[in-house]
Amino acid sequence: MDANKLLNLYAAGERKFNGANLHQVNLSDADLKGANFAEADLSGANLSQADLSGCNLSRANLTDADLSRANLNGANLSEVNLIGADLIEVNLGETNLSRADLRSANLGMANLVGANLSEAEMSGADLRKANFTKANLIGSNINEAEFSGADFTEAVITEQEMNGGMLHIGISHKWITWAGSY
């Protein structure tokens, strides 16, 4: 499906694009609030500055997609593939990213306030200056991620995520809640 067809369908009231093939589609600056892209192929898509708030992108393929400065507030991105995606300054506040694959993704300066990143794979991701305030990182893998200057205020993190010296100097981690029993 091309961008014009999708935008015309959306304008006509269609919201279900489950499993759609949108490989390398250009939807930058598009308003697609509340659309359902579950299991869609959006690999290599340009979604920069798009409004995808409240969208369902669960199990979608967004490998190498450009989501820089997009609004995904309150979206469902559970089990989404975001390997190598550009998420610079993206709004992922209150977003469900449980079991998401964010390996080598760039989330520099991203807003992840209140996001659910439980069991997310973030190894090798660029998380510099990202805001993880009140985020759930239980069971996530942040091995070899770069997160200098990231804010983990009141984030919920298990001790296992913090092992191996993964917290670099410059991170704000006041009031982190350590999950689990001791």
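Is D51 buried or exposed? D51 is buried, with a relative accessible area of 18%, where buried means under 20% relative accessible area, exposed over 50% and partly exposed in between (1.4 Å probe, protein chains only). This is a predicted model, in which local features need pLDDT of at least 70, side-chain atom pairs count only at pLDDT 80 or more, and totals for chains, interfaces and linings use all residues. Residues are numbered from 1 along each chain as its sequence is written, and side-chain values use heavy atoms, with hydrogens and water left out.

**Salt bridges**

Side chains of opposite charge can pair when their charged atoms come close. The structure holds six salt bridges, each defined as a side-chain nitrogen of Lys or Arg within 4 Å of a carboxyl oxygen of Asp or Glu. The table gives three of them.

| Acidic residue | Basic residue | N to O distance |
|---|---|---|
| D51 | K33 | 3.6 Å |
| D101 | R103 | 2.6 Å |
| D126 | R128 | 2.6 Å |

In the pair of D51 and K33, both residues lie in the loop between helix 1 (3–11) and strand 1 (156–157), so the salt bridge ties together parts that are 18 residues apart in sequence. Helices (H or I, at least four residues) and strands (E, at least two) are DSSP runs, numbered from the N terminus. K33 is partly exposed, at 37% relative accessible area. D31, K33 and D51 are linked in a network of salt bridges.

D101 is buried at 16%, whereas its partner R103 is partly exposed at 36%. D101 lies in the loop between helix 1 and strand 1. Leaving aside residues up to four places away in sequence, D101 touches V80, N81, L82, I83 and E121; contact means heavy atoms within 4.5 Å. For the third pair, D126 is buried at 15% and R128 is partly exposed at 40%.

**Aromatic rings**

There are three aromatic pairs. Rings of Phe, Tyr and Trp (its six-membered ring) pair if their centres lie within 6.5 Å; planes under 30 degrees apart count as stacked, over 60 as edge-to-face and the rest as tilted. F17 and F37 have ring centres 5.5 Å apart and planes at 20 degrees, so this pair is stacked. The two residues are 20 residues apart, in the loop between helix 1 and strand 1, and both are buried.

F132 and F152 are also stacked, at 4.8 Å centre to centre with 0 degrees between the planes. Both lie in the loop between helix 1 and strand 1, so the pair ties together parts 20 residues apart in sequence. F132 and F152 are buried. Ring pairs link F132, F147 and F152 into a cluster.
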